[in-house]
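The exercises below concern contacts between chains and between domains. Each task is followed by a solution worked in steps.

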Amino acid sequence: MEIFLSFLYTFLAGGVIVLLAQILIVKTKITPARILVGLLVLGAILEAVTAFKYLEDFFGSGVTIPIVGFGAVLARGAIEGARATGFLGVLTGPLTAASAGLSVAIVSAFFMALIFKARTKNLK
Amino acid sequence: MFDIKKNAQTVVLKNAPRVVGFFSVAGPKEARGKLGESFDIVLDDDTMKEKTYEKTETKMLVEAVNGAIEKASLKQEDINLMLAGDLMNQSTSTGFAARELLLPQLGLYDACATMASSLVVGSLILSGGAMSNCVCVTGSHFSSAERLFRFPLELGNQRQKTSQWTVTGAGAVVLEAKKENVKTKGIKISAVTIGKVIDFGIVDPSNMGAAMAPAAVHTFLTHLKNTKTKTEDYSLIVTGDLGLFGKRIFLELIAKEGININTLDNYNDCGAMVYEDSQGTQQGASGAGASAIVLTSHILKKLQEGIYKKVLFMATGALLSTTTSQQGESIPSVCHAVVLERE
Amino acid sequence: MNKQKNQEYLDFIKEREPTTSLFPSILWAFLIGGAICVGAEALGMWALHLWPTLTPKDIGAIEASALIFLASLLTGIGVFDKLGKVAGAGTFVPITGFSNATTASAMDGKSEGIVFGVCAKMFAIAGPVIVIGTVVSTLIGFVYLIFRL
């Protein structure tokens, strides 16, 4: 039961964040790129004011998987780096925290591009 | 809203050139559309077995030119001039096609209005007596245009409601100059109107219909005034690729300028004529190929059969680039008109 | 340019522009976005079960990496764009959107070769995420340092 509830909260959080973004896309002229950047910065700010941890504890992947989570991860990396080794830590922190995701993104994009060919969609 | 002056934008051709051959090449999606039966060649897939979509675009242009020349009962060596343009950077598809065809080429750029502008230039040259024939060609390819102007093909984005679908297709027309003392039957180009570049401030490249409609209205009203004709004089008045939304805007704008649209049953837009509603193309077709394939299949065939007597063909083009768009500039547009009628 | 003519026309167009209805697009976005997050959560729990010594940071990295790879693969085989058409924000707001943009851009560059095509174009769309993310988080780090001093 507990697990089910935690999945439910995850589902709701993720769903609501996405839903709000979709409403912005449909009802306004704000482009997807701007929405993503906005959510990214929001995540970083939430982490900076230590609010993100609470969201994460309650909603888990519902907030870490959307791009807000990526912003939070980057900011967390900077802050923890600052705590650990001061100035140098600020420089190494963000990208180190994001390194797994970035590496996977780059390496798989590279190989997918080598293996597969882009095809025209919706030829019906 | 529109300031129409009587000036030299329109030329009534004294020695009207004739259309002696025309040919259309269309992609698989277009083949499944409303005019599917009318096209001369229909592709199985949109690659024509070429390695890149840009090569495919060139190949379609070559096929269209060869087909039109053959239909005109002429040979490649007989053609004096090729007038062509396309949507690629530096208009390379047509240059590469001319290389393969070994035809003397004047490259043109008028975005999606190129079918009309090539016919305008060709008609003026032939009517003036400088040359005896020419071939006018243009086309586009959905995938080469999409990756150049919009997004990578595999991006999971949702298309906006005002967007249009770039046509994969090419159309070519062979024109012949009027011969002295030779009576001919067929289709002639009797007048042309060269459009001014009009910009009413639309900045959204996903809303080309709204961007180009004012240019179409301006050229249309200019043409009517300069030739002293009325809408009833034409079997068909057709704009290039305003699309479904743009078509609506065009009608509202001309109504405001005094045209009675309640009795206007002979107006259509090539962009609205290509795809079925079920094909998911939002506001319809666009691209240089849109007006090209509709003209060289449906319109010229109906003229040939005598079903249409006089057609006002007005292709529209948006003269923007990704750079100007990113710089926040609005979209200047142009519309050129060609009158095709039975002799 | 006649600015007044512009505004009149822009308003005219705005009143008449066709719009997409909120339904069913927000429903699909909600369901698919939520499902992706739940899938990641389930994966994280399973990983923890297999390797109980994993830290929360590790699990986060595993979830993100798995989703990124999966989105990249689906982009490669040509399925992701079909999903994105239905899901909209449901697929581009989660980290899957970043991955799809990166892979799609890389694939798009294939005809221009590996160096100038695939590599150079890879971040044509997703670049802003990396740049702004790094800039903002670095600034936050510096501000934190200053505050602590």
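**Exercise 1.** State how far apart the C-alpha centres of domain 1 of chain B and domain 2 of chain B lie, and describe the side of domain 1 that touches domain 2.

The two C-alpha centres are 19 Å apart, the domain bounds being taken from an automatic or database domain assignment. Domain 1 of chain B covers 15-155 + 164-176, and domain 2 covers 188-342. In this predicted model, local features need pLDDT of at least 70 and side-chain atom pairs count only at pLDDT 80 or more, while totals for chains, interfaces and linings use all residues. Residues are numbered from 1 along each chain as its sequence is written, with chains lettered from A and ligands numbered from 1 in the order in which they are written.

Next, 45 residues of domain 1 of chain B are in contact with 49 residues of domain 2 of chain B, where contact requires C-beta atoms, placed from the backbone, to lie within 7 Å. On this side of domain 1, α4(B) gives the largest share, eight residues; helices (H or I, at least four residues) and strands (E, at least two) are DSSP runs, numbered from the N terminus.

**Exercise 2.** Determine how many residues of chain C are in contact with chain A, and sort them by class.

Counting gives 62 residues of chain C in contact with 61 residues of chain A. Those of chain C divide into 34 nonpolar (Ala, Val, Leu, Ile, Met, Phe, Trp, Tyr, Cys and Pro), five charged (Asp, Glu, Lys and Arg) and 23 polar (the others, Gly among them).

How values were computed
Contact = placed C-beta atoms within 7 Å.
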